[in-house]
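Please open the model in your viewer and keep the sequence panel visible. The tour below proceeds by selections.

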Amino acid sequence: RLLVHVLGARPNFVKAAPVIDALRAAGADQVVIHTGQHYDERMSDIFFRDLGLPEPDVNLGVGSGGHAEQTAALMVGLDREFTERSPALVIVYGDVNSTIAAALVAAKLHIPVAHVEAGLRSFDMTMPEEVNRRLTDQLSELCFVTSPEAVGHLAAEGVAVDRVHFVGNPMIDTLLGNLGKFDTEAVRAAYGLPERYVLATMHRPANVDSPETAAALVNRLHGVADLADLVMPVHPRGRANLLAAGLADHPRVRILDPLGYIEFVAAVRGAAAVVTDSGGIQEETTVLGVPCLTVRPNTERPITITHGTNRLVTFDELVPATRKALESAGRTESRTPPLWDGHAGPRIAEVITTSLNRWEH
Ligand code: UD1
């Protein structure tokens, strides 16, 4: 009764760690397939080390490419692995291309799929992630939900209610489980960061893929840097466009290579405010109580706004909103969303074990 976890990109690693741990504790027979969607040492290996993830049993080495090319390569590699290993369940995470590729291949081989972080919706089909999320949920026998509104989204799309399990947020399991390791002073010393800084990350195609948009964004980021030192670990996607637009040409902008998990969250914890277009960082700042300005027209994680510290901003709103966040520093109110309590992994393991027993009989 083999369980196969499919991991491909940075956020997958953070979500899978507590699920793999809990299943190991339950005595499950499991295999980790790394698709190789992310492959740089600083996008992948460092996460496996920081999170104590088991060495992948296989790395498909798929790498980068256009959506069709990458998804096709993912599917061919995963089809071979699933056929050889005939798992009882394939477990996929989040909304990246590796997620939908694995779900689609498993469904065609009649292998049940479990989707961790199901039901999130931005209702913006121009985001590749929204396409991946919707389709993966349709193919999943087990939909593990991190936030109550996701249950309604799945019901509205006709997903049978007995497939849906509200279990909390495994990304927050990882955060809470590592709280003692996030040493802001150590990161400050290692990178020479000032006492007060804004931390920024940008990698959404809509923000960084076109040179014109990247230039408009850099202009606003310089406006933020006029208010406070701006520290920016740069994702490989968009690096060229952001640097070509002069991101580094401001005395108060500090460009860093991508950080590992522990150093990154330590840097978030010490930040006066965070500017981002990431999904997971909206959740992490909510739990850490750090003001978060999300440079996107929508979010699939509205609970980070209603309960947490998150706010959506347009390019034009970014500088004034940052000013306001800095003025209110230390006084940001945040309530932790329901079941973001560090026990999502064990809940997921429990549902998986019970479901496998039921399917056998
Ligand atoms: C992917 C996910 C996105 C997620 C992000 C987290 C999809 C559709 N998107 O976006 O949802 O938020 O991961 O990081 O799956 N590259 C490297 N080294 C690497 C990986 C990527 O240099 O290790 C560069 C390549 O130029 C590549 C580009 O980044 O073409 C984009 O990588 P890709 O995996 O296609 O998507 P991400 O933008 O990382």
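Is Thr 353 buried, partly exposed or exposed? Select Thr 353: the residue is partly exposed, because 17 other C-beta atoms lie within 10 Å (20 or more would make a residue buried, 12 or fewer exposed, with C-beta atoms placed from the backbone). This is a predicted model, in which local features need pLDDT of at least 70 and side-chain atom pairs count only at pLDDT 80 or more, while totals for chains, interfaces and linings use all residues. Residues are numbered from 1 along each chain as its sequence is written.

Thr 353 belongs to helix α16, residues 344–360 (helices are DSSP runs of H or I with at least four residues, strands are E runs of at least two, and both are numbered from the N terminus). Add Ala 26 to the selection: Thr 353 and Ala 26 are separated by 327 residues in sequence, yet by 8.3 Å in space, C-alpha to C-alpha.

Next, colour the two domains. Domain 1 covers 2–168 + 343–360 and domain 2 covers 183–327, with bounds from an automatic or database domain assignment. Their C-alpha centres lie 27 Å apart. The contact between them takes 16 residues from domain 1 and 14 residues from domain 2 (two residues are in contact if their C-beta atoms, placed from the backbone, lie within 7 Å). On the side of domain 1, the elements giving two or more residues are α1 (10–25) and α2 (41–51), and α2 supplies the largest share, six residues.

Now select the open sheet of six strands, which has the order β10-β9-β8-β11-β12-β13 and parallel pairing (strands pair if DSSP finds at least two bridges between them). β10 (253–256) and β13 (310–312) stand at the edges, each with a single partner strand, so one side of each has no neighbour in the sheet.

Centre the view on β11. Ala 273 and Val 275 point one way from this strand, Val 274 and Thr 276 the other way, and all are buried. Four bridges join β11 to β8 in parallel, and Leu 199 stands opposite Val 274. With β12 (residues 292–294), β11 pairs in the parallel sense over three bridges; here Val 275 stands opposite Leu 293. Follow the chain from β11 through helix α13 (residues 280–288) to β12: this β-α-β crossover is right-handed (with the strands pointing away from the viewer, the path from the first strand over the helix to the second runs clockwise).

Finally, select β9 (residues 229–233), which pairs with β10 in the parallel sense over four bridges. Val 231 stands opposite Arg 254 in β10.
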